[in-house]
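Biologist: Please take a close look at the salt bridges in this model. Which side chains pair, and how exposed or buried are the partners?

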Amino acid sequence: MLNRKTEKILTRCIKENKENVYRLAYSYVKNKEDALDIVQDSIYKAMTRMDLLKDHDAVKSWFYRIVVNTSLDFLRRNKKIQTMEPEIIETYSPAVEDSYTDMDLKRTLEELPAKYRSVIVLRYFEDMKINEVAEVLNENTNTIKTRLYQALQLLRVKLNDEALKEIK
């Protein structure tokens, strides 16, 4: 009976957060197909290991942690391969009109180390609370606060440097 209840809760969580989970995976791998593979692998891992879930109230953060870890595992396995989306390639072709919508922020965010990028993505793009981010990343709340502060400082410095380069 407990397993059936856990399965229903997990299934509901997956359905309700499917777009967010995809975005989270995509924020790591920057490729549609790879992000979909990560989501699929994460769902499989969650369904086969749902007996490890002790607190049903923590199902969302537990599942997000699986997605983050699966994304990081994917990146470790595929370090040498750097794929690029067709849309990104098109932005560099001479026939395409320039578009600067949030490009500096996107590029700067991608340049951040993973431990900082994860905190920023979960906190601001997934709209999680600090304690939820800490739970997903399996870190202390104070560690997440420190990383968030450091990440914002790094972003501010990098974006200011970019702005100064454009002025010159």
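Modeller: This is a predicted model, and the pair to begin with is E139 and R147. These two residues form a salt bridge in which the closest N and O atoms are 3.5 Å apart. E139 is partly exposed, at a relative accessible area of 31%, whereas R147 has 17% and counts as buried because that value is under 20%.

The structure holds 4 salt bridges, and another of them joins R23 to E126, with 3.8 Å between the closest N and O atoms. This pair links distant parts of the chain, the two residues being 103 residues apart. R23 lies in helix α2 (residues 18-29), while E126 sits in the loop between α7 (114-125) and α8 (130-137). Here the arginine is partly exposed, since the relative accessible area of R23 is 40%, which falls between the limits of 20% and 50%. Its partner E126 is buried, at 7% relative accessibility.

A further salt bridge brings together the side chains of R76 and D73, at 2.6 Å from N to O. Both residues belong to helix α4 (residues 59-77), where they are 3 residues apart, about one turn of the helix. R76 has a relative accessible area of 53% and is classed as exposed because the value is over 50%. D73, at 30%, is partly exposed.

As for why such pairs arise, side chains of opposite charge can pair when their charged atoms come close.

Notes: Residues numbered from 1 in each chain as written. Predicted model: local features only at pLDDT ≥ 70, side-chain atom pairs only at ≥ 80, totals over all residues. Heavy atoms only, no water. Helix = DSSP H or I, 4+ residues; strand = E, 2+ residues; numbered from the N terminus. Buried < 20%, exposed > 50% of the residue type's maximum accessible area, 1.4 Å probe, protein only.
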